[in-house]
Amino acid sequence: MNLNITGHHVEVTPAIREYVTSKLDRVIRHFDNVTSVGVILSVEKLRQKAEVTVHVRGKDIHVESDDADMYAAIDALADKLDRQVLKYKAKTSDHGHDSLKHHVAES
């Protein structure tokens with residue numbers, strides 16, 4: 001997995017980098033086929049914004065979150081991303097019908 005963390009109008013300190021990495025590891029454990037993750041942390045006046053784009057096979061999942069505190073924005077981002085990843089995983093594994101061997105033969 002290729003992880004890229006960038007900051008716009010904010011310095012990405014080692015503490016923030018470690019915090020983002022630990023939060024994303026919790027989410028990324030659902031997939032084996034994550035190719036890359038891009039995180040953008042930005043500050044606009046009093047709003048702290050965090051964005052992430054996760055590239056999985058067949059789709060890009062993009063989530064953004066903002067808050068007054070950068071760590072709170074990262075927490076909200078991780079929760080949103082977790083829900084999106086689980087939703088995508090359920091869609092890819094659910095085929096929408098039962099297999100024929102589970103049907104009872106009616107005569």
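His55 touches Asn33, Val34, Thr35, Ser36 and Asp60, leaving aside residues up to four places away in sequence. You'll find His55 in strand S3, in what is a predicted model. Pick out Ser36 from that set of neighbours: His55 and Ser36 are 19 residues apart in sequence, yet 5.3 Å apart in space, C-alpha to C-alpha. How open is His55 to its surroundings? At 26% relative accessibility, His55 counts as partly exposed, because that value falls between the 20% limit for buried and the 50% limit for exposed.

**The overall plan**

Time to step back. The protein has two helices and four strands, and along the sequence they follow the pattern β-α-β-β-β-α. There are 107 residues in the protein, and 30% of them count as buried. Take the contacts in the protein with a separation of 6 or more: residues 24 or more positions apart account for 48% of those.

**The start of the chain**

Met1 sits in the segment before strand S1, which covers residues 2-8. With 54% relative accessibility, Met1 counts as exposed. Met1 still has company: not counting residues up to four places away in sequence, it touches Asp25, Ile28, Val34, Thr35 and Val37. Its C-alpha is 8.4 Å from that of Asn33, 32 residues away in sequence.

Next comes Asn2, which lies in strand S1. Again leaving out residues up to four places away in sequence, Asn2 touches Thr35, Ser36 and Val37. Ser36 turns up here too: the C-alpha atoms of Asn2 and Ser36 are separated by 4.4 Å, with their positions 34 residues apart along the chain.

**How the two helices meet**

Now for the helices. Helix H1 runs over residues 14-28 and helix H2 over residues 70-93; they pack at an angle of about 20°, and their axes are 9 Å apart. So H1 is roughly parallel to H2, as angles under 35 degrees count that way. H1 passes H2 in a right-handed crossing.

Which residues do the meeting? On the H1 side there are Ala15, Ile16, Tyr19, Val20, Lys23, Leu24, Arg26 and Val27, and on the H2 side Tyr71, Ile74, Asp75, Ala78, Asp79, Leu81, Asp82 and Val85. Sorted by class, this contact of H1 with H2 has eleven nonpolar, no polar and five charged residues.

**A pair of tyrosines**

The structure holds one aromatic pair. Tyr19 and Tyr71 form it, and the geometry is edge-to-face: 4.8 Å from centre to centre, with 80° between the planes. The pair links distant parts of the chain, with Tyr19 in helix H1 and Tyr71 in helix H2, 52 residues apart. Tyr19 counts as partly exposed, at 22% relative accessibility. Tyr71 is partly exposed as well, at 33% relative accessibility.

**A buried alanine in H2**

Is Ala73, a residue of helix H2, buried or exposed? Its relative accessibility is 0%, so Ala73 counts as buried. Not counting residues up to four places away in sequence, Ala73 touches Gln48, Ala50, Ser65, Asp66 and Asp67. One of these, Ala50, is 23 residues from Ala73 along the chain, and the C-alpha atoms of the two are separated by 6.1 Å.

**Two residues with a positive phi**

Most residues other than glycine have a negative phi. His9 has a positive one although it is not a glycine. His9 is found in the loop between S1 and H1. Lys45 is another residue other than glycine with a positive phi, and Lys45 lies in the loop between strand S2 (34-44) and strand S3 (47-56). Here are the values for both:

| Residue | Phi | Relative accessibility | Class |
|---|---|---|---|
| His9 | about 65° | 75% | exposed |
| Lys45 | near 55° | 82% | exposed |

Methods:
Residues are numbered from 1 along each chain as its sequence is written. This is a predicted model: local features need pLDDT of at least 70, side-chain atom pairs count only at pLDDT 80 or more; totals for chains, interfaces and linings use all residues. Side-chain values use heavy atoms; hydrogens and water are left out. Axes are lines fitted to C-alpha atoms, for helices over the stretch in contact, and angles run from 0 to 180 degrees between N-to-C directions. Angles under 35 degrees count as roughly parallel, over 145 as roughly antiparallel, 65 to 115 as roughly perpendicular and the rest as oblique. A crossing is left-handed if the near helix is turned anticlockwise from the far one by less than a right angle, and right-handed if clockwise. Contact means heavy atoms within 4.5 Å. Ala, Val, Leu, Ile, Met, Phe, Trp, Tyr, Cys and Pro count as nonpolar, Asp, Glu, Lys and Arg as charged, and the others, Gly among them, as polar. Rings of Phe, Tyr and Trp (its six-membered ring) pair if their centres lie within 6.5 Å; planes under 30 degrees apart count as stacked, over 60 as edge-to-face and the rest as tilted. Buried means under 20% relative accessible area, exposed over 50%, partly exposed in between (1.4 Å probe, protein chains only).
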